[in-house]
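Work through the exercises below with the sequence and the model open side by side, and try each task before reading its solution.

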Amino acid sequence: MSSSFQDQVSAVVTAPKLTYRQRLQQLALLAEGALPYPKLSTAADGAMESGLVSDLREGPAPYRPRYLLPDYSVALRNGSEFLELEPATDLEDAVALLEILYHHVPSITTYPVYFGDLDALLMPYWDESWTPERLDRVVTRLWRFLDRTIPDAFAHANIGPIDNPVARSVLRVDRARAQVVPNLTLKWDPDTSTEALLLAAAEGIAAVNKPHIANDPLIRRDFPEGYGVVSCYNTLPLGGGSHTLTRLNLKVSGERHHGSIERYLDETLPAHIELTFEIIEARVRYLVEEARFYEHSFLVREGLLHPERFTAMFGIYGTAELVNGLFGDKRYGKDAEAAELTRRVIDVIASRVERREMPHCRNGRATLHAQSGIGEDVGVTAGARVPIGEDPELVDHILTVAPHHHRFASGISDIFALESSVRANPAAIADVARGAFAHGMREITFNVEGCDLVRVTGYMVRLSDIERLRAEGSRINSTVLGADSVENWGLLDRVPRVISTEFDPRLGALIR
Amino acid sequence: MTAPARGAPVRGPLLLHHPVTIAPGAPVLEVAGVVRSSAVDGPGNRYVLFLQGCNFDCTACHNPTTIGRCDACGACVPVCPHGALSLPEPGVVAYDPAPCDRCKLCVTVCPIDADPAIRVVPVDVLVEEIRPLARFLSGVTVTGGEPTIQAGALAALFAALKADAGLGHLTTLVDTNGTLPPARWKPLLPVLDGAMVDLKAASSDLHQRLTGHDNVAVKETIRFLSSAGKLAEVRLLVVEGVTDTDEELAAWAEFVAAVDPGIPVRLMAFRHTGTRERARIWPETSPEAVDRVQERLTALGLTAVGSIGVSRR
Ligand code: SF4
Ligand code: SF4
């Protein structure tokens, strides 16, 4: 054992602001970090070293998938042999069963990222005898359980697209409690959702910046077997998930290129895409063939997860810096030529991802994802977003980014800042969401000025928590990430437009 | 005389990116400005058109440069630092939006609170401006200035929207001082979804002091629009110590309740932003004062639906 390793372990063990559980997580990361990386070519090694490609600190020896979306309905219907549980008998029993199941679902954060489509899970147990008040009491207790036992704001509950009493109760309770956990997505379908459901969601957004809204028909085309929205706007197959998320930094990719735009698209970019594929493949093979997660998980054995429904996420970010850098004088978000080049860049990447065979993946393919960034990404714009501070007017902004959305099967995010005046007129939020979907947006998220609960990339942070963080430590892991983002991106100076971070498992602010 | 820019090319970042020729006789609106996405001008997200010209001259006006209509005196032409204004012929002040940087120096020298840098825009061009935004909108609100001064072209705009397959879902609202006589409202009504009428004061004396006119016509308009089912709301500008006295509020409520106690009432907080020097004799309205008025009017039987311009955190 090197003494620097011992020093790192000791720093974690004796970090007074970390809870016991947080220390345990950090120790696991350190231990995994002591292992060698799966074998890569020299070029791929170099790509990771230089920051061209990054595995988002997933660790060198993946032993659980990054994101898992168990189909909890299987266990509610059949019970679980492994957990020695009977099928759910009524609505309250179903909630209790879910609470047990969550405890057994890992992810990159160690906590589950997906709590299920709660209304679809619970409505089979609902009947007319459930008054809204009684239902709200049950949902309130579930919300309290989630926030207090799963301190991670990447954890996501879904509702919709059909309007139903459980979905309404979830919206009411979520708005009243204003909690960081769970994150919440409404699936919206203009044909089957009611206007009243969208308006109820808009009222939630006006109060607590939740829910996020997903364009159900568009996403369902990519995942006919069903899907969930988890973590930072990731749309992934239900009963599956993603082995890994590895991302290509397009800003760095552009800086490495010397020559014409055409040569970039024909040679440099494809070479960088190939390096990313190599790293993704090495990680997937390690997880599936060496760590053999799928062979020993009861979630697979009992049919909540299907290994063939796991994809691998090919992330990109820094699209704006790439395009602006290639041109020199045209800006993405402003000039039509830049928008067209963005379209071509995304087309090159998306069509290669759609063609390239990827072992152990759903349909034998990875899926493209516009990655929201992590706290340390200073000066690189998330995914295919317009850089902060250059955002055009709301509708122009939506029309700039919407054409790209359908290419990102595993999710893309843009956050739109709204002035606090919409709090008195939530119908305006519903209008903007409806328009965005009509123009092909895959998902939409708002940050309304003046809410205590704000979105940092996909997850929620309470501004009042961040103020307390450095003094006392935080019960919620993601608050730490939010604090990094607040400092690195000037979030507090600019509440109406939020930033991109995904996540940084170091809990750095507390160990330092 | 509506001299500015008539027949001149119309283009600019807000309205158009290419010049337009106006066909003779085509309905045109004098547009002072546009907000393409607003949450404070009626229900839902709305496209808001500010029309130039008002027949009141309210001390508290928040948009004073939309009051006057240019009489082509020419005083502003030499002050424009960018050559955007010219006198191509006597009695015509032409405005070219291309070099204009919206410094607004011209409006500071205008003796009649007019703005030479407005656009005269044909109705069909406005319709095409609204079209790409349509799926994001609940409707269009026209304000000003006093939009009903241009009632003819306004009716043409609303009619064009209502007749269009892609735009027919948009609701049409106007924000008005209520002075247009009923006979002139009538042609607008079939294509108007609602009017938001300011009743600045119930007592005629106070109204005279605040606006320069009595309120007989305004009250008549409120009664008329209410009976026609087109009164979306009545608005009261709360100026502390001026429009919120017990006596005034009682008279205001008595009038509105007599028309219909169910009329939605919205309170506007008086703010200094945008107003002229002579409005600064009054303090900005506090949230507490707005709350007090809201309680008072509710107690007097009215239906208060909210407020605009109140800054609360
Ligand atoms: S000073 Fe006023 S009235 Fe005279 S030309 Fe200019 S805008 Fe018109
Ligand atoms: S705002 Fe008026 S003064 Fe300023 S550039 Fe435009 S026309 Fe000229």
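**Exercise 1. List the residues that surround ligand 1 and sort them by class.**

Solution. The model is a predicted one, and the shell is read from it with a cut-off of 4 Å between heavy atoms. In the first step, the run B:Cys70, B:Asp71, B:Ala72, B:Cys73, B:Gly74, B:Ala75 and B:Cys76 is found around ligand 1, and B:Val93, B:Cys110, B:Pro111, B:Ile112 and B:Pro116 complete the shell. In the second step, sorting these residues gives 10 nonpolar, one polar and one charged. Because Gly counts as polar and Asp as charged, B:Gly74 and B:Asp71 fill those two places in the shell.

**Exercise 2. Determine in which cavity ligand 1 sits, and describe the lining of that cavity.**

Solution. Ligand 1 is placed in the second largest cavity, for which a volume of about 80 Å³ is computed. Its lining consists of 13 residues, and those nearest the centre are B:Cys70, B:Ala72, B:Cys73, B:Cys76 and B:Cys110. By class, this lining divides into 10 nonpolar, one polar and two charged residues.

**Exercise 3. Find how many cavities of 30 Å³ or more the whole structure holds, and characterise the largest.**

Solution. The search returns four such cavities, and the largest of them encloses about 110 Å³. Around the largest cavity there are 14 lining residues, with B:Cys80, B:Cys100, B:Cys103, B:Lys104 and B:Cys106 lying nearest its centre. The classes in this lining are 10 nonpolar, one polar and three charged.

Methods. Residues numbered from 1 in each chain as written. Chains lettered and ligands numbered in written order. Predicted model: local features only at pLDDT ≥ 70, side-chain atom pairs only at ≥ 80, totals over all residues. Heavy atoms only, no water. 1 Å grid on protein atoms, 1.4 Å probe; cavity = no way out; pocket = protein on both sides within 12 Å on 5 of 7 lines; lining within 4 Å. Points joined across faces, edges and corners; volume = space filled by probe spheres on them. Sits in = over half its atoms within 2 Å of the grid points.
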